[in-house]
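I opened my notebook to look up a few things in this structure. Here are my entries.

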Amino acid sequence: MTTDLIILGAVALVLCTGVAMWLVAVGAALLGLVRWIARLVRRPALPEPEPEHARTDPPPTAYLPCHTPACGHMSTPHDATPTGGLACRDCGRVAVQI
């Protein structure tokens with residue numbers, strides 16, 4: 001009688017683990033199928049957003065070091081002046097007089 005219960009318990013354990021393995025396998029296959037279908041019907045990409053701050057300044061004539069504390073002694077864009085010099089775009093100091 002005890003041996004029959006042990007055998008019955010072992011058979012039940014094998015069946016339960018077998019069913020669990022089948023459920024995991026079927027779930028993995030369904031997940032793979034859903035992901036494959038989703039990849040086939042992927043939405044089109046969104047359009048590129050417009051740049052928020054489009055620069056409309058003309059390109060500078062030259063980048064020169066601006067030796068003023070306002071510009072931090074860094075190279076800044078300089079534009080040509082009507083007198084033939086190059087003025088700093090940030091602080092207005094004329095850097096080069098031609």
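How much area does the chain expose, and what share of it do carbon and sulfur atoms supply? I read about 8,500 Å² exposed, with 69% of it from carbon and sulfur atoms. Accessible areas come from the Shrake-Rupley method with a 1.4 Å probe; for residues, only the protein chains shown count as cover.

I noted that this is a predicted model, where local features need pLDDT of at least 70, side-chain atom pairs count only at pLDDT 80 or more, and totals for chains, interfaces and linings use all residues. Residues are numbered from 1 along each chain as its sequence is written, and side-chain values use heavy atoms, without hydrogens and water.

Next, the fold. I found 1 helix and 4 strands, in the order α-β-β-β-β. Helices (H or I, at least four residues) and strands (E, at least two) are DSSP runs, numbered from the N terminus.

Then burial. Of the 98 residues, 12% are buried. Buried means under 20% relative accessible area, exposed over 50%, and partly exposed in between (1.4 Å probe, protein chains only).

I looked up tryptophan 36 in helix 1 (residues 2-40). Tryptophan 36 counts as partly exposed because its relative accessibility is 46%.

Last, I searched the whole structure for salt bridges (a side-chain nitrogen of Lys or Arg within 4 Å of a carboxyl oxygen of Asp or Glu). I found 1. It joins arginine 89 and aspartate 79 at 2.9 Å, N to O. Arginine 89 is in the loop between strand 3 (86-88) and strand 4 (94-96), while aspartate 79 is in strand 2 (residues 75-80), 10 residues apart.
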